[in-house]
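Dear colleague,

I am passing on a structure for you to look at, with notes on what was found in it below. Please keep it open beside this email while you read.

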Amino acid sequence: MSFEMGRRNLDKKYREYHQARWDEPIIFDLSQKGERGILLPEAEPEVAAAGLPELGSMARENPPKLPEMSQMRVLRHYMHLSQENIGADETVDIGQGTCTMKYSPKINDRLAGLPDFADVHPRQDESTVQGSLEIMYRTEQMLKAISGMDRFCLHPGGGSQAILAIATVVREWVDSQGLSDEKDEIITTIFSHPSNPACAALKGFKLITIYPGPDGRPDPDAMRAAVSSRTAALFITNPEDVGIYNSSIKEFTKLVHDAGGLCSYDQANANALLGITRAREADFDLCFFNIHKTFSSPHGCGGPGSGVVGVREHLVRFLPAPLVGFDEAAGRYYLDYDSPSKTVRLKDFYGVLPAIIRGCAWMLSLGPDWLREVSRVAVLNNNYMFKKITAMRGVDAPYAEGEFRMEQVRYSLRKLKEETGIGAAEFINRMFDYGMHLWSSHEPWIVPEPFTVEPTESYSKAELDEYLSVLERVIGECYETPEVVRQAPHKSAIHHVDHDILDDPERWAITWRAYQRKYKGYFEPR
Amino acid sequence: MATEPRGAQSHPYIPNSEPSVQRGMLQEIGADSIDDFFECIPNDLRLNAPLRMPEPICSEAALKRRFEDTASKNRSVNKVISFLGGGCWHHYVPASCDEINGRSEFLTAYAGDPYEDHGRFQALFEYESMMAELLEMDVVNVPTYDGAQAAGTALRMASRITGRKKVLVPELMGADRLKVISTYLHPQIDVVTVKSARRTLTLDMDDLRSKLDGSVAAVFFENPAFLGVIEPNGEKISDAAHSVGAMSVVWADPSSLGVLKPPSKYGADIACGDIQPLGIHMYFGGGRGGYIASSDEERFVMEYPSRLFGIAPTSHGEWGFGDVAWERTSFAKRESAKEFVGTSAALWGITAGVYLATMGPQGMADLGTGIMLRSSYLSREMSKIPGVEIATGSPFFKEFPVTFEGRRVKEINKALMERGIYGGHDLSPDYPSLGNAALYCVNEMMTRADMDALTSALSEIMRGQGGMCS
């Protein structure tokens with residue numbers, strides 16, 4: 001297992017990687033009094049002669065203690081930080097399962113940034129924003145085809161806000177029928193994203209959580225027991241985070257409909273299903289997609305994203321206004337304030353345009369057949385990984401033995417932990433020493449010592465093999481040189497972080513200001 | 001299942017669409033065809049026809065051309081003189097902001113650990129820290145979706161801390177912002193409006209006092225307000241709130257804070273707002289990020305639903321970072337969490353950090369001063385036009401309401417548009433009490449010629465005859 005630094009061993013598929021390590025100071029330590037990063041246009045003398053308003057006690061007394069830096073100094077600082085970060089562009093980013101880390105085409109970034117899109121004010125006259133409205137309208141039409149829903153609201157800024165929108169629609173729908181006291185429960189599953197229960201609770205519903213049966217699918221008996229006249233809605237994902245398709249989904253939606261409830265399909269990750277199966281045929285009333293997942297808009301370190309909500313006709317009137325309409329006779333797009341709710345709003349203005357433009361361009365560059373191929377290849381790639389990973393020592397994938405998986409798999413390092421003492425938390429740190437990211441999984445860890453791999457359609461077989469060889473190598477190290485794994489990362493910009501202080505109110509510091517109040521030097525308490 | 005994609009070519013975004021590669025992979029898996037993987041989907045759920053959507057634009061060149069054509073149907077603010085504001089503002093975006101948020105290491109990253117994504121953690125910690133200096137508060141969140149969401153969360157935080165279920169907000173606040181707050185607080189928390197004083201358009205202190213009692217969780221106000229007005233009674237409002245055990249929650253536009261006192265200096269317990277002015281393009285209202293700030297007390301920190309990145313030591317004496325009090329989030333607690341958290345606006349936080357570092361203290365002061373000089377000049381020149389009146393006696397920042405005697409704003413704006421000018425946001429639908437009013441907004445880039453073009457066009461329009469009376 002020894003390696004020679006500085007030489008690529010062509011027999012090995014993994015790389016001798018090392019992240020940039022700039023030992024970059026906190027930006028305030030780069031400040032030099034008097035330096036400027038940019039100059040603004042001065043007011044002309046005639047304008048300046050108008051004078052300043054009398055601010056009285058509302059005038060700022062002390063200038064903000066922002067750093068004073070020349071432009072290039074600022075830029076270099078952030079360049080260093082960017083090099084101490086790893087994007088999907090830089091690695092085989094398949095270890096963040098459930099998040100669909102696919103290629104975000106560069107052309108779409110350029111298109112989203114066109115000044116004619118970027119520098120448009122949301123309150124301009126409709127005649128001057130026909131381009132933006134057209135993109136939104138076309139996006140909606142394609143999403144309708146993909147889901148079978150009747151109308152989309154593009155407002156939410158991410159998947160969780162889309163779930164909030166859905167919980168809000170359910171709340172409005174329940175209230176509108178005067179059933180607020182009777183219909184007060186929402187059913188979800190433990191393998192659905194945590195924002196499903198969180199947003200349902202926020203909108204005043206009680207939660208019932210369904211756990212998986214032995215085959216990894218939500219337990220139908222538990223589901224039958226959960227549904228009642230109190231059921232306002234079902235919030236469910238399919239396939240869930242474990243990557244197993246719930247073949248009984250239509251029975252689930254029927255149970256809820258028979259009890260007078262609504263059914264919402266969390267399609268944040270829909271990468272297995274484009275052109276394969278739709279929310280409509282499974283009788284869902286609502287669904288949402290993440291444009292920054294399935295539809296390729298980049299994740300931006302955690303947003304801006306876009307979560308678009310589709311509903312069937314009977315729920316359009318509960319959506320936040322405005323939607324986008326098209327007047328065929330006049331050939332004009334418009335903001336439609338009439339069809340949706342007059343009172344419900346979730347977000348300023350109309351949606352995250354830079355993400356929507358990218359998603360629209362991505363769909364248009366694929367069309368119906370290639371979109372379907374996206375899902376077919378994502379599933380092919382996943383089953384290839386599934387076959388190879390489950391053959392590795394110490395790893396298994398619980399549930400549904402002998403069945404294929406959809407676009408992702410939740411694996412378990414339970415056996416590895418038993419045999420070597422190394423679990424998921426330590427394992428993933430060592431992966432990065434080879435330039436690869438691996439994520440454990442959403443809590444709670446129903447699957448012990450979990451990790452989730454979602455290869456998407458974006459990676460070649462050779463890249464998947466490279467990832468596999470890193471996994472295999474780290475597993476080997478767990479058995480042979482466990483200390484190397486425990487002390488990882490070795491090749492990152494930084495070493496082991498002491499997380500304890502982040503949970504201690506006396507010691508945590510969320511800003512540099514707080515740090516300076518609590519500490520001097522390097523974490524010496526004041 | 002439907003047919004294979006046309007031809008044997010592979011798609012540039014799908015390397016393994018190459019048929020011979022697929023065959024090899026299937027063989028290793030032990031499957032006959034890709035269709036095998038989908039057998040778990042019942043027949044009645046399968047889509048057996050192609051999606052009804054346009055055929056692909058196969059070449060990148062054609063795609064670019066198509067989108068450039070579509071974009072050209074917009075008339076951006078770069079091509080006119082725009083006086084639009086009202087919650088989204090046309091400020092100068094330094095080139096460094098676009099440069100950094102376009103770096104693929106940031107743009108395409110997501111959720112790596114503090115080791116892999118050290119740069120993201122540090123950049124967002126520094127964003128929090130620079131906002132903290134602007135606000136003179138010790139805790140700032142990783143940005144949420146937008147300012148309206150930040151306001152909603154700030155009010156829910158206040159409700160949880162006080163255990164009370166009612167908040168007071170100004171009747172003349174941003175109309176859509178009020179809808180977002182009301183929607184977000186429903187069904188647990190009631191939103192009650194407080195009147196505004198007629199001439200100043202600031203909060204009516206008598207009405208506020210009459211509505212304040214031990215059931216109120218928070219008093220929310222904007223400063224500068226949606227209508228641009230600077231609220232002079234910040235301290236009195238906060239004191240009044242505190243006197244009944246309620247919290248003071250203040251919306252502040254960060255672009256004003258180089259010259260205006262930050263909310264913490266007049267008693268705000270929680271500050272919130274939108275970071276769009278800090279180096280983020282407008283994108284038709286799609287470029288937004290919400291900040292929330294407070295003191296560093298545990299009772300506040302534990303109520304944030306957002307990510308909070310803190311600084312921590314490493315085994316080798318480096319600056320390390322990580323999530324503060326992770327267990328409060330919905331990632332850890334699901335339905336028992338403080339609200340919810342998910343992908344929101346991190347890249348805009350990094351961008352706003354670049355902006356604040358680039359501007360520095362002098363830049364932020366120049367920004368505020370430059371804006372106020374221009375709004376003083378423009379309001380003075382506009383008030384000289386017969387029939388045009390500035391609708392507030394209060395000092396204002398960046399924008400101000402204007403009324404037009406006997407003229408509908410819609411008609412005026414139409415006439416202005418024909419002259420290459422976007423007139424102020426029409427306030428009459430949302431604020432009928434103001435009459436034929438529009439919100440006029442300046443920025444730091446406006447020249448005297450820009451503003452004179454408006455006043456001369458307006459003079460002409462106001463002199464115009466017929467067809468425009470309301």
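In chain B, strand β5 and strand β6 (residues 247-251) run parallel and are joined by 5 bridges, where helices (H or I, at least four residues) and strands (E, at least two) are DSSP runs numbered from the N terminus, and two strands pair if DSSP finds at least two bridges between them. Within this pairing, B:Phe220 has B:Val249 of β6(B) as its bridge partner. This is a predicted model, in which local features need pLDDT of at least 70 and side-chain atom pairs count only at pLDDT 80 or more, while totals for chains, interfaces and linings use all residues. Residues are numbered from 1 along each chain as its sequence is written, and chains are lettered from A and ligands numbered from 1 in the order in which they are written.

β5(B) also runs parallel to strand β3 (residues 166-170) of chain B, to which 2 bridges join it, and there B:Val167 has B:Ala218 as its bridge partner. Strand β5 covers residues 218-222, and 5 of its 5 residues are buried; a residue is called buried if 20 or more other C-beta atoms lie within 10 Å of its own, exposed if 12 or fewer, and partly exposed in between, with C-beta atoms placed from the backbone. Both faces of the strand are covered, with B:Ala218, B:Phe220 and B:Glu222 on one side and B:Val219 and B:Phe221 on the other.

On from β6(B), 3 bridges lead to β7(B), and these two strands run parallel, with B:Val250 opposite B:Ala271. Strand β7 (residues 270-274) of chain B has 5 of its 5 residues buried, so it is largely enclosed by the rest of the structure. Its residues B:Ile270, B:Cys272 and B:Asp274 point one way, whereas B:Ala271 and B:Gly273 point the other way. The pairing of β7(B) with strand β8 (residues 290-294) of chain B is antiparallel and has 5 bridges, and in β8(B) the partner of B:Cys272 is B:Ile292.

Elsewhere in chain B there is an open sheet of 4 strands in the order β11-β12-β15-β14, with antiparallel pairing. Its edge strands, each pairing on one side only, are β11 (388-390) and β14 (425-426). Between β11(B) and strand β12 (residues 399-404) there are 3 bridges, and B:Val388 stands opposite B:Phe404.

Which residues touch the most other members of the largest nonpolar core? They are B:Ala218 and B:Val249, in a core of 325 residues, a nonpolar core being a set of buried Ala, Val, Leu, Ile, Met, Phe, Trp, Tyr and Cys residues joined through C-beta atoms within 7 Å. Helix α10 (residues 353-390) of chain A gives the most to this core, with 21 residues. Leaving aside neighbours within four places in sequence, B:Ala218 is in contact with several residues, including B:Leu155, B:Val167 and B:Val249; two residues are in contact if their C-beta atoms, placed from the backbone, lie within 7 Å.

Two helices of chain B may interest you. Helix α12 (residues 346-383) spans only 42 Å between its end C-alpha atoms, although a straight helix of 38 residues would span 56 Å at 1.5 Å a residue, the expected span being 1.5 Å times one less than the number of residues. This helix bends by about 90° at B:Gly360, with B:Pro361 following within four residues; the bend at a residue is the angle between axes fitted to the seven residues ending there and the seven starting there. By contrast, the end C-alpha atoms of helix α6 (residues 147-162) are 22 Å apart, which agrees with the 22 Å that its 16 residues should span. Since 14 of these 16 residues are buried, α6(B) is largely enclosed by the rest of the structure, and just after it B:Gly163 takes a positive phi of about 70°.

As for the two chains together, 182 residues of chain A are in contact with 181 residues of chain B. On the side of chain A that touches chain B, the largest share, 22 residues, comes from α10(A). One residue of that helix is A:Ile357, which is buried, with 32 other C-beta atoms within 10 Å.

With best wishes
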